[in-house]
Amino acid sequence: MKATILLFFFITSFYLKAQTFLDSQYYIVDSIVTSSISNDEMQLIDSCLNLYHTEKTDTSKINAINTIVEESWNVNVWPKYNDWILNFSKKKLKEIHDEKLINFYRLVVSQCYNNKGFYLNQTDKKEEALQYYFKALKFLKLLNDDDNAAYILLNIGGLYSDFGDLIKSLEYYNKALARFTKTGEKYGLATAYNSLGDAYADLSDYSTAMKYFNKALAIQKELEDDYNLAITYGNIGNTFFAEDNTEEALNNYQKSLEFPKKTNNYETIATNLSQIAKCYFKLEKFDTALKLNLKSLHIRDSINSKSGIVYSNMALAQLYRKTGKIQLALQHGTKAFELAKKLGYPMLIDDAAETLSLIYEKLNQPKKAFELYKLHIKMADSLQNEKVQKQKIKQQVSFVFEKKQELFEERVAKQREDSQKKYNTKIKAEKHEKEKQTLITYFISSGLLIGALFLLFIFNRLKLSRKQTQTIEKQKLVVEKQKLTLENTHSELNSSISYAKYLQDALLPDIKIIKNNFSDVFILNKPKNIVSGDFYWFKNINNTKYLAVADCTGHGVPGAMI
C-alpha cells in the first residue's frame with residue numbers, strides 16, 4: 001500500500017514538474033499550461049497583456065483582455081480570461097454610480113455570460129449553458145439592446161433544439177429573426193436563417209431548410225463572413241447527403257472546408273473532414289476516407305470535443321470493419337460505445353451499439369453481438385418514438401409557424417417593396433427635377449431670344465392694343481347693363497313661378513287626409529318644371545270617396561290652377 005502511494009506521489013510530482021505554467025501575476029489568471037498554447041496564440045496573449053499593464057483606465061484594460069477572449073479558440077485559454085472579465089465587471093457594478101459606466105459593465109457582463117453559455121454548450125453542459133444565456137438576456141433587457149438580445153435568443157433556440165423541444169426552438173429562432181429584421185442587422189439575419197434551416201432539416205423538411213440556408217448564404221457572401229459561410233455550406237452539404245445526393249454533398253463540404261482554415265476554427269475543420277470522409281466512404285474510396293477520419297479524430301482529441309470523438313471513432317470502426325481490419329474496428333468501436341454511454345446520447349449509443357454488434361458478429365462472438373444488438377433495438381425504438389414525436393411536432397410547426405412565417409415574410413417583403421418604391425420615387429423625382437431644370441433653362445434662353453426678336457413688334461402693337469382695350473371696355477359696360485336687366489327679369493319670373501308653386505301646393509289635398517281614407521296609398525307628383533299642368537283631387541262625401549288625377553293638356557298651369 002505504501003509503495004503504491006509513493007509511486008503515485010512520484011508520478012504526480014513528475015507530471016507537475018514536467019508542465020510549465022504562465023506566470024499568473026503577469027498573465028492575471030491561473031493554471032494556463034504553456035505547452036497547450038501555439039506560438040501565434042502566445043503572441044496574441046503577450047500583446048494583449050502588455051497593453052493591459054500599460055493602460056490607465058479599467059475599460060481599456062477590459063478591452064485589452066477581451067481581445068484574447070474574442071480572438072482565441074483555445075479552450076485552455078479564453079474561458080479563463082472570460083471569467084476574469086466577468087468577475088472584474090461584476091465587482092465594478094457594485095462600486096460605480098455613473099450611468100454610462102454602469103451600462104458599459106452591464107454589456108460586458110452579458111457578453112461574458114453568453115461566452116460562458118457557449119463554452120458550456122461546447123462541453124455538453126447544456127442545462128448550465130441555458131441558465132447563462134438567460135442571465136445574459138436579463139442584462140440586455142436592462143439596456144434595451146435588441147441586436148445582442150437577438151443573438152442570445154438564437155443561442156437559446158439552439159439549446160432547445162438540442163433538448164428536442166423543436167416548438168420552443170423555432171419560437172426563439174423566429175423571435176430572433178423578427179428583431180434582426182427590425183434592426184436590419186445582416187450578420188444576425190443570416191445566422192437566424194441558418195438556425196431556422198437547421199431546425200427544418202431536423203424535421204426532415206429539406207426543401208424549407210434549403211430555402212433558409214440559401215437566404216443565409218446570400219447575406220454571408222455579401223458580408224464576406226468566412227466563419228459562417230463554412231457552417232452554411234456544411235449545412236447545405238448535410239441536406240444533400242440526407243437526400244442521398246452524395247456528389248453535391250461532397251461539393252458543399254469541400255467549399256465549407258476552405259473557410260475555417262483561414263480562421264483556425266478547429267472544431268469546424270474536424271467536422272468538415274469527418275463529413276467529407278463520410279462521402280468518400282459512401283463512394284467506396286476507403287483510403288481517402290481513412291486519412292480524413294484519422295485527421296478529424298486527431299483534431300477532436302486535441303480540443304476535447306467529446307461527441308466529435310465518438311463520431312470519429314465510430315466512422316473508423318465502420319471503415320475498418322468494411323475493409324476487414326476487425327481488431328482495429330473493435331478498438332475504435334469500443335471507444336465510441338463507451339464514450340457514447342457516458343454522454344448519454346441515444347443516437348450515438350444506437351449507432352455505436354449497432355457498429356460494435358456487427359464487429360462481434362465478424363469475430364464470431366454471438367453472445368456479445370446479440371447483447372449489443374438488443375441495445376441497438378432498444379435505442380432504435382426510443383429514436384423511433386422520437387421520430388414519431390418529431391413528425392407530430394412537424395405537423396404542429398406547419399400549422400403554427402409556417403403561416404406565421406409566411407405572414408412575417410410577406411410583411412418584410414412589403415416593407416422592402418415600399419422602401420424600394422420610395423427610393424424609386426425619390427430617384428424619379430430627382431430625375432424629373434433635373435429634366436425640369438434643364439427644360440426651364442432651355443425655355444428661358446429661348447424666351448429671351450424670342451423676346452428680343454419681338455420686342456419692337458410688341459412695342460408697336462401697344463398703342464393699337466390700348467385703343468382696342470378702350471373700345472372693349474365700353475362694349476363691356478353695355479353688355480353688363482343688359483346682363484343685369486336680364487338677371488332682374490329672370491329673378492322676378494322665378495319669384496312669380498315659385499309663388500305659383502306655393503299656391504298650387506296649398507290647393508292640392510293633404511296626403512295625410514288621403515292616407516287616412518285608404519290603407520295602401522302613395523302620391524308621386526313630379527312636375528316637369530317648378531309648377532305643374534297636372535293635379536290630383538280628393539273628397540269624401542257621405543263616406544263615398546272621390547279621387548281624381550287630371551291632366552290639363554292644352555290649358556297647362558292656368559287650367560290646373562282654375
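This briefing describes the overall make-up of one protein structure, then two helix pairs, its aromatic rings and one buried serine.

The structure is a predicted model, and its secondary structure comes to 22 helices and 2 strands. The protein has 562 residues, of which 36% are buried. Among the contacts with a separation of 6 or more, 54% are accounted for by residues 24 or more positions apart.

**Helices α4 and α5**

- Two packed helices are described by the angle between their axes and the distance between the axes.
- Helix α4 covers residues 58–71 and helix α5 covers residues 78–95, and their axes come within 8 Å of each other while crossing at roughly 155°.
- Angles over 145 degrees count as roughly antiparallel, and α4 and α5 are therefore roughly antiparallel to each other.
- In this arrangement, α4 passes α5 in a left-handed crossing.
- On the α4 side, the contact is made by Asp58, Ile62, Ile65, Asn66, Ile68 and Val69, while α5 contributes Trp78, Tyr81, Asn82, Trp84, Ile85, Phe88, Ser89 and Lys92.
- When the residues of the contact of α4 with α5 are sorted by character, they divide into 9 nonpolar, 3 polar and 2 charged.

**Helices α8 and α9**

- The axes of helix α8, which spans residues 146–163, and helix α9, which spans residues 166–183, come within 8 Å and cross at roughly 160°.
- That angle makes α8 roughly antiparallel to α9, and the crossing in which α8 passes α9 is left-handed.
- Many residues take part in this contact: those of α8 include Asp146, Ala150, Leu153, Leu154, Ile156 and Gly157, and those of α9 that they meet include Leu166, Tyr172, Tyr173, Ala176, Arg179 and Phe180.
- The residues of the contact of α8 with α9 divide into 12 nonpolar, 5 polar and 6 charged.

**Aromatic rings**

- The count of aromatic pairs in the model comes to 19.
- In one of these pairs, the rings of Tyr193 and Tyr212 have their centres 6.1 Å apart and their planes at 25°, and because planes under 30 degrees apart count as stacked, this pair is stacked.
- The pair links distant parts of the chain, since Tyr193 lies in helix α10 (residues 186–202) and Tyr212 lies in helix α11 (residues 206–223), with their positions 19 residues apart in the numbering.
- Tyr193 counts as buried at 8% relative accessibility, and Tyr212 counts as buried at 2% relative accessibility.
- Tyr212 also pairs with Tyr200, where the ring centres are 5.7 Å apart and the planes are at 15°, so the pair is stacked.
- This second pair likewise links distant parts of the chain, with Tyr200 in helix α10 and Tyr212 in helix α11, 12 residues apart.
- Both Tyr200 and Tyr212 are buried.
- Elsewhere in the sequence, Trp73, Trp78, Phe118, Tyr119 and Tyr227 are linked into a cluster by ring pairs, and Trp78 also appears among the α5 residues that make the contact with α4.

**Serine 312**

- Ser312 has its place in helix α17, which runs over residues 306–322.
- Residues under 20% relative accessible area count as buried, and Ser312 is therefore buried, with a relative accessible area of 0%.
- Leaving aside residues up to four places away in sequence, Ser312 touches Asn293, Ser296, Leu297 and Arg300.

Technical notes. Residues numbered from 1 in each chain as written. Predicted model: local features only at pLDDT ≥ 70, side-chain atom pairs only at ≥ 80, totals over all residues. Heavy atoms only, no water. Axes fitted to C-alpha atoms, helices over the stretch in contact; angles between N-to-C directions. Helix = DSSP H or I, 4+ residues; strand = E, 2+ residues; numbered from the N terminus. Parallel < 35°, antiparallel > 145°, perpendicular 65-115°, else oblique. Left-handed = near helix turned anticlockwise from the far one by under 90°. Contact = heavy atoms within 4.5 Å. Nonpolar A, V, L, I, M, F, W, Y, C, P; charged D, E, K, R; others polar. Buried < 20%, exposed > 50% of the residue type's maximum accessible area, 1.4 Å probe, protein only. Phe/Tyr/Trp six-rings, centres within 6.5 Å; stacked < 30°, edge-to-face > 60°.
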